[in-house]
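User: I am new to reading protein models. Please take me through this one in short questions and answers.
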Amino acid sequence: MDSLQRVVEPIRAMQIRPVLAQTVSLGTESPLVVVLSESMEPGFKRGDILFLHMNKDPVRAGEIVVFNVDGRDIPIVHRVIKVHERHDTAEADILTKGDNNPRDDRLLYAHGQLWLQQQHIVGRAIGYLPYAGWLTIAMTEKPVFKYVLIGALGLLVVASKE
């Protein structure tokens, strides 16, 4: 057994990955999102990374949330503008809007859907890192950039083994 294996084996035995995943997740399936449009300016700009957290507290008007819409692959980051609590079921109807948009998000919701429910909410914004998501945007919008980056990383790995 070489010296590297002697270092790696005890770490593998600790099964630290599940602990790290729980710690980093901040209570949501996706603890980070990149702002992809100008709809939340001036508060958040395109390319900002948002840190998310989710808990059992009810969503309130004014909070910035990330939500999924049925039929769309990319989550949306917008502000909650109205919450209608239904006392008979303890559920809530949630309406969102981008700060820089003239109207609410009903046109973004699934066909015929007028409100979001709690299950649509992925997380609440609890902090952000300005412009840190531009690398993600560049790799998505310009795939050649992604291939150049992957190639450079591959060359770095090959060069480091020699």
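User: Is L32 buried, partly exposed or exposed, and what is its relative accessible area?
Analyst: L32 sits in strand β1; helices (H or I, at least four residues) and strands (E, at least two) are DSSP runs, numbered from the N terminus. Buried means under 20% relative accessible area, exposed means over 50%, and partly exposed lies in between (1.4 Å probe, protein chains only). L32 is therefore partly exposed, with a relative accessible area of 45%.

User: What kind of model is this, and how are residues numbered?
Analyst: This is a predicted model, where local features need pLDDT of at least 70, side-chain atom pairs count only at pLDDT 80 or more, and totals for chains, interfaces and linings use all residues. Side-chain values use heavy atoms, without hydrogens and water, and residues are numbered from 1 along each chain as its sequence is written.

User: Which residues does L32 touch, not counting residues up to four places away in sequence?
Analyst: Contact means heavy atoms within 4.5 Å. With residues up to four places away in sequence left out, L32 touches I49, L50 and F51.

User: How far apart are the C-alpha atoms of L32 and G123?
Analyst: Along the chain, L32 and G123 are 91 residues apart. In space, their C-alpha atoms are separated by 9.3 Å.

User: In what order do the elements of the chain run?
Analyst: The chain has four helices and six strands. From the N terminus on, the order is α-α-β-β-β-β-β-β-α-α.

User: What share of the residues of the chain count as buried?
Analyst: The chain has 162 residues. Its exposed area is about 11200 Å², with 61% supplied by carbon and sulfur atoms; such areas come from the Shrake-Rupley method with a 1.4 Å probe, and for residues only the protein chains shown count as cover. The residues that count as buried make up 28%.

User: Is T96 buried or exposed, and at what relative accessibility?
Analyst: T96 lies in strand β5. Leaving aside neighbours within four places in sequence, its contacts include V65, F67, V80, I81 and L116. T96 counts as buried because its relative accessibility is 0%.

User: Which side chains make polar contacts with that of T96?
Analyst: A polar contact is a pair of N or O atoms within 3.5 Å; within protein, one must be able to donate a hydrogen and the other to accept it, and residues adjacent in sequence count only if both atoms are side-chain atoms. One such contact, of 2.6 Å, joins the side chains of T96 and D105. Another, of 2.7 Å, joins T96 to the side chain of Y109.

User: Which side chain does Q117 meet in a polar contact?
Analyst: Q117 lies in the loop between β5 (91-97) and β6 (121-129). Q117 is buried, with a relative accessible area of 17%. At 2.9 Å, its side chain makes a polar contact with the side chain of D93.

User: What kind of peptide bond joins E41 and P42?
Analyst: P42 is in the loop between β1 (32-34) and β2 (49-53). Omega is about 10° for the bond between E41 and P42, and the bond is cis.

User: What is the phi of Y131?
Analyst: Y131 is in the loop between β6 and α3. Y131 is partly exposed, with a relative accessible area of 48%. Although Y131 is not a glycine, its phi is positive, at about 60°.

User: Are α3 and α4 roughly parallel or roughly perpendicular?
Analyst: The axes of helix α3 (residues 134-141) and helix α4 (residues 143-161) come within 4 Å and cross at roughly 110°. Axes are lines fitted to C-alpha atoms, for helices over the stretch in contact, and angles run from 0 to 180 degrees between N-to-C directions. Angles under 35 degrees count as roughly parallel, over 145 as roughly antiparallel, 65 to 115 as roughly perpendicular and the rest as oblique. So α3 and α4 are roughly perpendicular.
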